[in-house]
Structure formats: structure tokens, C-alpha cells
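Open the model in your viewer and keep the selection tool at hand. Each stop below says what to select and what to look for there.

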Amino acid sequence: MCMTQAEGQSLEIFSRWTNAGVWRNIALPVLPAIGKYYCPILKDLAMPTITEIADLKRLYRRRTPKMFYDYSESGSWSEQTFRENTSDFNEIYLRQRIATDMTERNLTTQLVGQDVAMPVVLAPVGLLGMQCADGEIKAARAAEKFGVPFTLSTMSICSIEDVAENTEKPFWFQVYTLKDDDYMKRLMERARAAECSALVITVDLQVMGQRHKDIKNGLSAPPKLTPASIANMMTKVPWGLQMLGTKRRFFGNVVGHASGVSDPASLSTWIAEAFDPSLNWDRIKQLMDMWGGKVILKGILDVEDAEKAAALGADAIVVSNHGGRQLDGALSSIRMLEPIVQAVGDKVEIWLDSGIRSGQDVLKAVALGAKGVMIGRSYVYGLGAMGEAGVTSALDVIHKELDTSMALCGRRDINNVDREILLVPKGFSGTFA
Ligand SMILES: Cc1cc2nc3c(=O)[nH]c(=O)nc-3n(C[C@H](O)[C@H](O)[C@H](O)COP(=O)(O)O)c2cc1C
């Protein structure tokens with residue numbers, strides 16, 4: 001068959017276009033641009049591989065509105081204490097041992113008489129229900145299935161009753177040392193009715209440390225709609241859809257429960273006035289007696305305070321600087337742990353929080369004398385990244401790291417871990433005057 005000249009030219013153009021080289025020239029500049037905009041979305045759709053807490057943090061940052069990411073990922077003022085809480089763990093080394101029997105290892109233990117799968121507790125964290133819809137319920141369920149305690153914050157979005165209705169086993173409840181006695185009594189009654197098995201009294205928040213980002217972001221629950229927050233939330237579609245699907249978007253333990261707080265607008269006035277700057281040890285004792293059950297005092301960073309807390313008869317104390325969110329410039333919790341253990345370790349159970357981001361960190365704290373640890377951000381990252389599955393993932397990561405590191409230090413039982421497994425720099429806990 002004969003071809004006209006025009007047909008011949010068309011065929012040539014067609015064959016040039018179908019030539020791989022041409023397509024390569026088009027693809028080279030275009031694909032990276034497409035990838036830049038769509039890869040995060042595609043990555044979000046794929047099931048991510050999580051091997052460390054930092055993986056969850058990266059996902060969390062991508063999936064959660066900036067206001068709530070910043071709320072968790074910040075410390076007070078210059079953030080020195082916030083940073084040192086984690087970096088100080090890196091100054092302690094683990095002693096590698098070989099040719100010891102590493103079979104049949106055990107991480108189970110007891111914290112204030114309760115069996116736990118590992119010596120880790122989920123710390124009270126406010127606004128979990130803003131990190132993801134129904135966040136407190138999801139975190140509590142993950143903890144329950146894993147076999148570690150979950151502590152519900154007073155400043156939670158889901159109420160005590162919400163969490164109790166959606167879980168099977170008792171959880172713990174946290175209170176601040178607030179002025180309003182009637183409110184405190186009612187809170188404790190509600191916690192007792194929900195069968196909470198321990199009360200965590202946070203003693204390091206008489207006045208509030210300032211976090212710059214929260215002020216600049218105009219942090220609120222539910223989030224205020226500003227052009228900046230709307231623009232940011234539009235990039236967090238799954239978060240937004242889940243939030244629209246829940247009715248739990250206000251402080252569930254406060255709105256409608258504290259006197260004078262019937263709506264979210266009156267809440268900020270209440271918060272500003274609720275904390276008790278005149279707190280003393282008699283008031284702490286009064287609150288302990290008001291509860292009448294197991295009590296953990298959280299937020300102790302000084303030997304003298306630890307002695308007073310032990311003398312009051314607390315079941316446990318948590319060496320903590322509130323994750324670097326209160327007194328900026330205070331020493332990290334891990335530095336203060338050993339002096340406190342030496343002073344009162346035989347009188348009261350001592351735990352640590354602030355800065356734990358791995359199982360190795362848990363091992364170091366236990367080796368320095370902590371009976372257990374609380375984790376805050378490590379599980380918040382998981383919750384914001386993947387909801388309940390993310391919290392489970394955070395616990396899995398820490399469990400695996402703790403188990404393997406303990407074995408490689410030549411130990412098989414977390415209850416027999418001691419300072420012998422560590423190399424601690426001289427003066428780590430201070431030669432401060
Ligand atoms: C976002 C956020 C909110 C918190 N809210 C509370 C709270 O409501 N009550 C409380 O006692 N502690 C609260 N904390 C402090 C934690 O209980 C815990 O002491 C701290 O997170 C431990 O440090 P880490 O996050 O480095 O593990 C909060 C911490 C964070 C990060």
C-alpha cells in the first residue's frame with residue numbers, strides 16, 4: 001500500500017513521540033514535581049513501616065494540625081530542660097556483655113502492686129482527643145490490650161465516664177492541685193465510680209510555665225478558626241473528617257462539671273483561676289486523704305521534696321519536670337533520679353518521666369533505680385500518627401528495644417537490672433553547689 005507524503009510525516013511525528021527519549025525528556029522535570037505534592041498523600045495511604053519512635057513522630061507531624069503538634073512538641077521558655085531531658089540519656093552508656101544466658105527473658109513486674117507487661121505507664125496528657133478524635137479512648141484501649149496502665153488527665157477531651165464506658169479494665173486518673181474543693185471532691189467521686197484504681201496527683205503545676213508556640217498558635221479546644229488554622233487543617237483531611245464524626249471536642253471533665261464553666265468560652269477564665277499558687281504539703285495530704293486509695297505524686301525533682309513526699313505515705317513518686325514544660329533551666333529528670341533514689345528509694349516506689357523515647361532509655365532509668373517510668377510524647381506521637389494502632393506501635397517498639405537491650409547487657413529479668421549494667425560519667429548527677 002502506498003503512503004501519501006502527509007501520512008508519512010504524521011507517522012514520523014508519531015514515532016518520534018512514542019520514542020522513549022522524548023518521554024524521558026518530559027518525565028524528568030514533571031515527575032519530581034508531581035512526587036513532591038502527591039507522595040506524602042500516597043505515603044499516608046500506604047501502611048507505614050514503624051521501627052522506632054522517630055518514625056511515629058514524623059507521621060504525627062504530617063497528619064496532625066500544627067497547633068496540636070506544637071502543643072506536644074514544645075517545652076517552656078527557651079526549651080533547655082525539654083531538650084536536655086532527652087539528650088542527657090545519651091551521656092549514659094550500656095555495658096555490653098557476652099556469653100551469658102539470654103533465654104527466657106522477663107519484662108513483667110508490678111507498679112504500686114499492679115501487674116504490668118513492662119515497667120511503663122502512659123502519662124497523663126491533656127487534649128489527647130485533639131491529637132486524634134476520641135484520643136483518650138484509643139490510648140486507653142491500646143494500653144489495656146498491651147497490659148500497661150493508662151492515666152487519664154483532668155484536662156482530657158473524653159470524660160472519665162467516656163473512657164470507662166469504652167474500656168474493660170480500670171485505668172488511672174490524674175488531678176491537679178486545684179483550689180475548688182467541691183470540684184476536686186466531685187472529680188474524685190466520679191473517678192471512684194468509674195473504678196479508677198490509682199490517683200496521680202500532679203504537684204509541679206501551681207503556676208503555669210509558658211510555651212511560646214501555644215500563644216502564637218492561639219491553642220484552643222476545639223481549634224479556633226483563623227485563616228492560618230483553616231489553611232493548615234485543610235492539609236489534614238483524615239484528621240478533620242474523624243473530628244467531625246465525634247461529639248467529643250471539649251474538655252469533658254470540666255465543661256458542665258466545674259462551677260461557672262457551662263460552655264467552652266468560660267473555660268479559659270476558669271483555667272486561669274483554678275490552679276492553687278498557695279499549695280503546701282498539708283493540702284497535698286488533704287487531697288491524698290480525699291481519695292483514700294493508691295496515690296502517685298508526680299512532679300518531684302528535688303531530694304528534700306522527695307523526702308517530704310515519702311513521709312506523707314505516697315505509694316509512688318514520679319521524678320519529673322513535666323516533660324520540660326514547667327521550670328525551664330531545671331535539671332533533666334534522669335540526672336536527678338539517682339540522688340532521689342539514694343535518699344528515699346527504701347521508703348517509696350520511685351518512677352521517672354521526661355525524655356523517654358526508647359526502650360534503652362527505660363532500661364537506663366530502671367538501672368539507676370526507677371521501679372518504672374511514665375511516657376508522654378512517645379505515645380502521643382503514635383496516637384497522632386495512627387490512633388490506637390499508633391499507641392500500640394509505640395508500646396511495641398519500646399518493649400522490643402527494652403527486651404533486646406536488656407539481653408545484650410547480659411540480664412534476663414527486668415526485676416534484676418541494676419546499676420552494674422551502666423557506664424555513667426563521673427558527676428552525672430551533679431557536683432552542683
Ligand atoms: C502535650 C502534653 C500535655 C500534658 N498534659 C499533662 C496533664 O494534663 N497532666 C499532667 O500531669 N501532665 C501532663 N503532661 C506531662 C506528662 O504527664 C509527662 O510528665 C511528660 O510528658 C513526660 O515527658 P515526655 O513527654 O518527654 O515523656 C503533658 C505533657 C505533654 C507533652
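The tour goes from the whole chain to single elements and residues.

**Before starting**

This is a predicted model, in which local features need pLDDT of at least 70, side-chain atom pairs count only at pLDDT 80 or more, and totals for chains, interfaces and linings use all residues. Residues are numbered from 1 along each chain as its sequence is written.

**The whole chain**

Show the protein chain as a cartoon: it has 18 helices and 12 strands. Helices (H or I, at least four residues) and strands (E, at least two) are DSSP runs, numbered from the N terminus. Of the 433 residues in the protein chain, 43% are buried. A residue is buried if 20 or more other C-beta atoms lie within 10 Å of its own, exposed if 12 or fewer, and partly exposed in between, with C-beta atoms placed from the backbone. Among contacts between residues at least 6 apart in sequence, 72% join residues at least 24 apart. Two residues are in contact if their C-beta atoms, placed from the backbone, lie within 7 Å.

**Strand β11**

Select residues 372-375, which form β11. G372 and M374 point one way from β11, V373 and I375 point the other way, and all are buried. Now add β4 (residues 120-122), which runs parallel to β11 and is joined to it by three bridges. Here V120 stands opposite V373. Add β10 (residues 349-352) as well; two bridges join β10 to β11, and these strands also run parallel. Two strands pair if DSSP finds at least two bridges between them. In β10, L352 stands opposite V373. From β10 the chain crosses through helix α17 (residues 359-367) to β11, a right-handed β-α-β crossover. Right-handed means that, with the strands pointing away from the viewer, the path from the first strand over the helix to the second runs clockwise.

**The ligand**

Which residues are closest to the ligand? Among the 25 that surround the ligand, they are A123, G126, S153, G323 and G376. A residue counts as near if its C-beta atom, placed from the backbone, lies within 6 Å of the molecule. Helix α4 (66-72), β11 and α18 (377-408) are the elements that give two or more residues to this shell.

**Helix α3**

Select residues 53-63, helix α3, where I53, L56, K57, L59, Y60 and R63 are buried. These residues lie on the same side of α3, because they cover an arc of only 170 degrees around the axis. The arc is that of the directions from the helix axis to the C-beta atoms.

**E144**

Move to E144, in helix α7 (residues 135-146). Is E144 buried or partly exposed? E144 is partly exposed, with 17 other C-beta atoms within 10 Å. Leaving out residues up to four places away in sequence, E144 touches F150, T167, E168 and K169. Show T392 too: its C-alpha atom is 9.9 Å from that of E144, although the two are 248 residues apart along the chain.

**Three backbone details**

First, select A221 and P222, which are joined by a cis peptide bond with omega about -5 degrees. P222 lies in the loop between α10 (212-217) and α11 (227-233).

Next, select V112, in the loop between β2 (109-111) and β3 (114-116). V112 is not a glycine, yet its phi is positive, near 35 degrees. V112 is buried, with 21 other C-beta atoms within 10 Å.

Last, select L127, in the loop between β4 and α6 (128-131). L127 has a positive phi of about 60 degrees, although it is not a glycine. L127 counts as buried, with 20 C-beta neighbours inside 10 Å.
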